[in-house]
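Let's take a friendly walk through a protein model, with its sequence and structure side by side.

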Amino acid sequence: MRARSAVRVLCALSALCAVLLTGCQSPSGGLAGGATDGSGGTARGDGPPGGDTASGPAAGRPSGYGAVFLAIDECSSFGTVSFTEVPCSSERAAARVVAREDGRAADGPPCPATTDFVLHISEQRPSADEDGDGAVPQGYACMRSLQPPHPGDPGGGGGPRTIVGDCVYDAGGGKVRETACDDTGKKKPQFKVVEAVAARADCPASTGLYVRLGGERPVGCARPL
């Protein structure tokens, strides 16, 4: 289990308009890909804390900067109150989308193992737009920072998933929380996940704690540090 520092973010109206004017217009003045949902949406982050590709309705929509809000391989900026979609070549680009899914994160596929944080995108359905396709469906984007540190890496102390190589501490009440293995976090690491197995009986004898990981091998075998 991971401690998540929830950051609620709203894409400002001015930022949405900027994307409409600069990211979605083709040279002829039309909308690239015939879509307007790249203009933005409301997003909130799980981070500075699966499958590797998007599936479902998100996979069938036009791709490229501005065609789909925070599509795979597009980038976001970081801010204290908002995240906005920006070209990855921009000096404002801070993280890249490594997976994009429709619906709620709790109901969909998990993010890739080394995801640094997750952006939750609120549904937007304007009553009118240029081509009738300006909706931004509810979804989530799995983000990987462009520069280190990467809290989603093994032992990094954060990210939406606990994986082999991560360290945890006892948070009480039968729960554990992740912390950096190098002892730079707020809490000292007490256990390290050394293996992922299908059942507790498959863990080595040195296991001192079982950590729920999810996936095909949902049991993490953690040894004391």
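The sections below look at strands, cores, disulfides and one glycine in this predicted model.

## The five-stranded sheet

A good place to begin is the open sheet, where five strands follow the order β8-β7-β9-β11-β10 and pair in the antiparallel sense. Its edges are β8 (175–179) and β10 (209–212), each of which pairs on one side only. From one strand to the next, the twist averages 45°.

Inside this sheet, β7 and β9 (residues 191–197) run antiparallel and are joined by two bridges. Cys 167 takes part here, with Lys 192 of β9 as its bridge partner. We will meet Cys 167 again below, since it also forms a disulfide.

## Strand β4 and its partners

Now turn to β4, a strand that is mostly covered: eight of its ten residues are buried. Strand β2 (residues 75–77) pairs with β4 in the antiparallel sense over three bridges, and there Ser 77 has Ala 93 of β4 as its bridge partner.

β4 also pairs with β6, again in the antiparallel sense, over seven bridges. One residue to look for is Asp 102, whose bridge partner in β6 is Gly 139.

## Two nonpolar cores

The largest nonpolar core holds ten residues: Phe 69, Leu 70, Phe 83, Ala 95, Val 97, Phe 117, Leu 119, Ile 121, Ala 141 and Met 143. Two or more residues each come from β4 (93–102), β5 (117–122) and β6. The largest share, three residues, belongs to β5.

Another core lies apart from this one and has eight residues, including Val 168, Val 193, Leu 213 and Ala 222. As a general background, nonpolar side chains in soluble globular proteins tend to be buried together.

## The disulfides

The model has four disulfides. With the bonded cysteines numbered in sequence order, the pairing reads 1-2, 3-4, 5-6, 7-8. Three of these bonds are worth a visit. Cys 111 and Cys 142 are joined with an S to S distance of 1.9 Å, and this link is left-handed, with -75° about the S-S bond. Cys 111 sits in the loop between β4 and β5 while Cys 142 belongs to strand β6, so the bond ties together parts that are 31 residues apart in sequence. Both Cys 111 and Cys 142 are buried.

In the disulfide of Cys 167 and Cys 181, the sulfur atoms are 2.0 Å apart. This bond is right-handed because its torsion is about 105°. It links Cys 167 in strand β7 with Cys 181 in the loop between β8 and β9, 14 residues apart. Cys 167 counts as buried because its relative accessibility is 1%, whereas Cys 181, at 26%, is partly exposed. The disulfide between Cys 203 and Cys 221 has an S to S distance of 2.0 Å and is left-handed, with -80° about the S-S bond. Here the loop between β9 and β10, which holds Cys 203, is linked to Cys 221 in strand β11 (residues 219–224), 18 residues apart. Cys 203 and Cys 221 are both buried.

## A glycine in a loop

Finally, where does Gly 157 lie? Look in the loop between β6 (139–145) and β7 (167–172). Gly 157 counts as partly exposed because its relative accessibility is 26%.

Leaving aside neighbours within four places in sequence, Gly 157 is in contact with Pro 151, Glu 178, Thr 179 and Ala 180. Gly 185 is 28 residues from Gly 157 in sequence, and their C-alpha atoms are 7.2 Å apart in space.

Methods:
Residues numbered from 1 in each chain as written. Predicted model: local features only at pLDDT ≥ 70, side-chain atom pairs only at ≥ 80, totals over all residues. Heavy atoms only, no water. Helix = DSSP H or I, 4+ residues; strand = E, 2+ residues; numbered from the N terminus. Buried < 20%, exposed > 50% of the residue type's maximum accessible area, 1.4 Å probe, protein only. Contact = heavy atoms within 4.5 Å. Core = buried A, V, L, I, M, F, W, Y, C linked by side-chain atoms within 4.5 Å. Pairing = 2+ DSSP bridges. Axes fitted to C-alpha atoms, helices over the stretch in contact; angles between N-to-C directions. Disulfide = S-S within 2.5 Å.
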